[in-house]
Amino acid sequence: DDTAMGLRILRLHGYNVSSDVLKTFRDENGEFFCFLGQTQRGVTDMLNVNRCSHVAFPGETIMEEAKTCTERYLRNALEDVGAFDKWALKKNIRGEVEYALKYPWHRSMPRLEARSYIEHYGPNDVWLGKTMYMMPYISNEKYLELAKLDFNHVQSLHQKELRNLRRWWNSSGFSDLKFTRERVTEMYFSAASFMFEPHFATCRDVYTKISILAVILDDLYDGHGTLDNLELFSQAVKRWDLSLVDRMPQDMKICFTVLYNTVNEIAVEGRKRQGRDVLGYIRNVWEIQLAAYTKEAEWSAARYVPSFDEYIENASVSISLGTLVLISALFTGEILTDDVLSKIGRGSRFLQLMGFTGRLVNDTKTYEAERGQGEVASAVQCYMKDHPEISEEEALKHVYTVMENALDELNREFVNRRDVPDSCRRLVFDSARISQLFYMEGDGLTFSDEMEIKEHVKNCLFQPVA
């Protein structure tokens with residue numbers, strides 16, 4: 001119990017500790033116990049080993065074994081109505097287990113995890129040893145009271161910020177666009193679910209606006225605009241020339257004008273935060289983003305199916321996560337030199353893994369619908385082109401495997417990138433996690449009203465903790 005918790009916490013705080021410590025608690029059958037020869041395990045220790053196993057690095061067999069063993073044990077414990085914990089009498093151990101199994105670390109956003117912990121927290125929990133005892137520095141009614149006050153106070157701040165963003169949307173003219181989706185609340189939730197602290201207010205505002213612009217421009221390039229008009233739009237961004245809107249259709253005029261004004265406003269604030277002109281940097285980020293959108297539009301028009309590697313190189317950019325992070329990072333409270341920005345930049349493995357995992361989870365849940373709309377390129381379809389002998393089911397399984405391995409590699413980057421400020425590391429890593437949550441059971445962005453993501457948004461932003 002303590003060893004697994006210690007391993008997880010040390011890794012999450014940047015200490016590259018070895019998972020070999022878990023070998024002490026594994027028997028010859030691959031089962032995990034607190035003490036060798038133990039005939040009965042406790043739910044709390046298996047739960048901590050399970051949580052620990054998700055902070056795995058590539059190739060860590062012991063962590064994979066721990067995950068398999070504990071998931072099996074915990075699922076069986078849930079099915080046994082008479083199951084009990086030999087180490088503790090806790091308020092809602094069943095709820096803790098259900099949450100951990102449904103939302104492992106890569107899907108468990110900090111704000112949702114905090115709310116779950118508050119709801120399952122037992123201020124009068126009793127621990128079992130040679131005697132029954134309580135630990136007032138762990139279980140305490142005042143802690144619970146303060147946690148509820150804090151959660152609800154921060155939630156009220158988030159609601160105020162969201163109202164301001166809705167006013168921005170309404171004044172932008174975006175509601176006149178018929179080809180795109182209005183996802184202001186969902187995009188704000190994406191930021192607030194992990195950069196939730198009050199001092200990240202500007203970061204949340206920028207992250208949300210960039211997210212909204214990325215969704216709209218993705219929809220614009222994805223079948224709405226002609227290639228000639230899209231080329232004009234990209235040229236206007238490259239030249240940063242507002243006069244070119246006179247040659248654009250009305251929909252594009254709205255999109256370019258809001259992009260132009262919003263980026264300029266962000267750049268003014270960014271200069272205050274960074275002490276230097278950042279407009280050129282932000283414009284370059286957008287130019288790369290639009291180039292990725294353009295390539296996908298060209299592939300679609302030509303009915304071209306690229307190889308898996310060719311597709312991934314572009315699609316890891318077109319997923320837009322890099323654009324959100326690289327611009328929002330300017331507002332994390334750190335002065336970011338060119339050297340630091342390069343460590344989370346387009347060429348960094350850290351950012352590439354974030355975009356890669358985001359693209360793969362998106363494709364696994366959207367490729368069938370998009371194929372029905374005439375799209376020919378997705379991770380699944382491109383892998384099948386490279387391997388015509390395999391079935392679609394096998395290709396999908398392969399994509400999931402590749403994604404899981406990449407998430408382990410992302411863990412390692414998160415822990416080892418100590419040369420990057422903590423807030424920037426969080427921004428990259430948690431942007432990958434929010435993608436995993438949104439596409440956990442389907443296309444949670446397009447169909448947010450029909451999926452569980454709607455409950456997450458409500459619990460994070462609107463429903464106070466009682």
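**Exercise 1. Classify I62 as buried or exposed, then place it.**

Step 1. I62 has a relative accessibility of 5%, so it counts as buried. Buried means under 20% relative accessible area, exposed over 50%, and partly exposed in between (1.4 Å probe, protein chains only).

Step 2. The model is predicted: local features need pLDDT of at least 70, side-chain atom pairs count only at pLDDT 80 or more, and totals for chains, interfaces and linings use all residues. Residues are numbered from 1 along each chain as its sequence is written, and side-chain values use heavy atoms, with hydrogens and water left out.

Step 3. I62 is found in helix 3 (residues 61–79). Helices (H or I, at least four residues) and strands (E, at least two) are DSSP runs, numbered from the N terminus.

Step 4. Set aside residues up to four places away in sequence. I62 then touches S19, L22, K23, R26 and F32. Contact means heavy atoms within 4.5 Å.

Step 5. Take R26 from that list. I62 and R26 are 36 residues apart in sequence, and their C-alpha atoms are 9.0 Å apart.

**Exercise 2. Check the span of helix 6 and of helix 10 against expectation.**

Step 1. The expected span of a helix is 1.5 Å times one less than its number of residues.

Step 2. Helix 6 (residues 141–172) has 32 residues, so it should span 46 Å. Its end C-alpha atoms are 47 Å apart, which agrees.

Step 3. Helix 10 has 25 residues and should span 36 Å. The distance between its end C-alpha atoms is 35 Å, in agreement.

Step 4. Now the ends. At the start of helix 6, a side-chain oxygen of N140 comes within 2.8 Å of the backbone nitrogen of K142. G173 follows helix 6 with a positive phi, near 90°. Just after helix 10, G275 has a positive phi of about 75°.

**Exercise 3. Find what covers the buried residues of helix 6.**

Step 1. List buried residues. Among them are L144, F151, H158, E161, W168 and W169.

Step 2. Identify the cover. It includes helix 5 (110–120), helix 7, helix 8, helix 10 (250–274) and helix 19 (453–462).

**Exercise 4. Describe the sheet.**

Step 1. Three strands form an open antiparallel sheet, in the order 1-2-3.

Step 2. Strand 1 (88–89) and strand 3 (132–133) are at the edges; each has a single partner strand, so one side of each lacks a neighbour in the sheet.

Step 3. Strand 2 (residues 126–128) and strand 3 run antiparallel, joined by two bridges. Two strands pair if DSSP finds at least two bridges between them.

Step 4. W127 stands opposite Y133 in strand 3.

**Exercise 5. Why does C460 form no disulfide?**

Step 1. A disulfide is a pair of cysteine sulfur atoms within 2.5 Å.

Step 2. The closest cysteine sulfur to that of C460 is in C203, 15 Å away, so it is too far for a bond.

Step 3. The structure holds zero disulfides. C460 is buried at 0% relative accessibility, and C255 is buried at 1%.

**Exercise 6. Locate E197 and its partners.**

Step 1. E197 sits in the loop between helix 7 (184–192) and helix 8 (201–224).

Step 2. Beyond neighbours within four places in sequence, E197 is in contact with R204 and R426.

Step 3. The side chains of E197 and R426 make a polar contact at 3.2 Å. A polar contact is a pair of N or O atoms within 3.5 Å; within protein, one must be able to donate a hydrogen and the other to accept it, and residues adjacent in sequence count only if both atoms are side-chain atoms.
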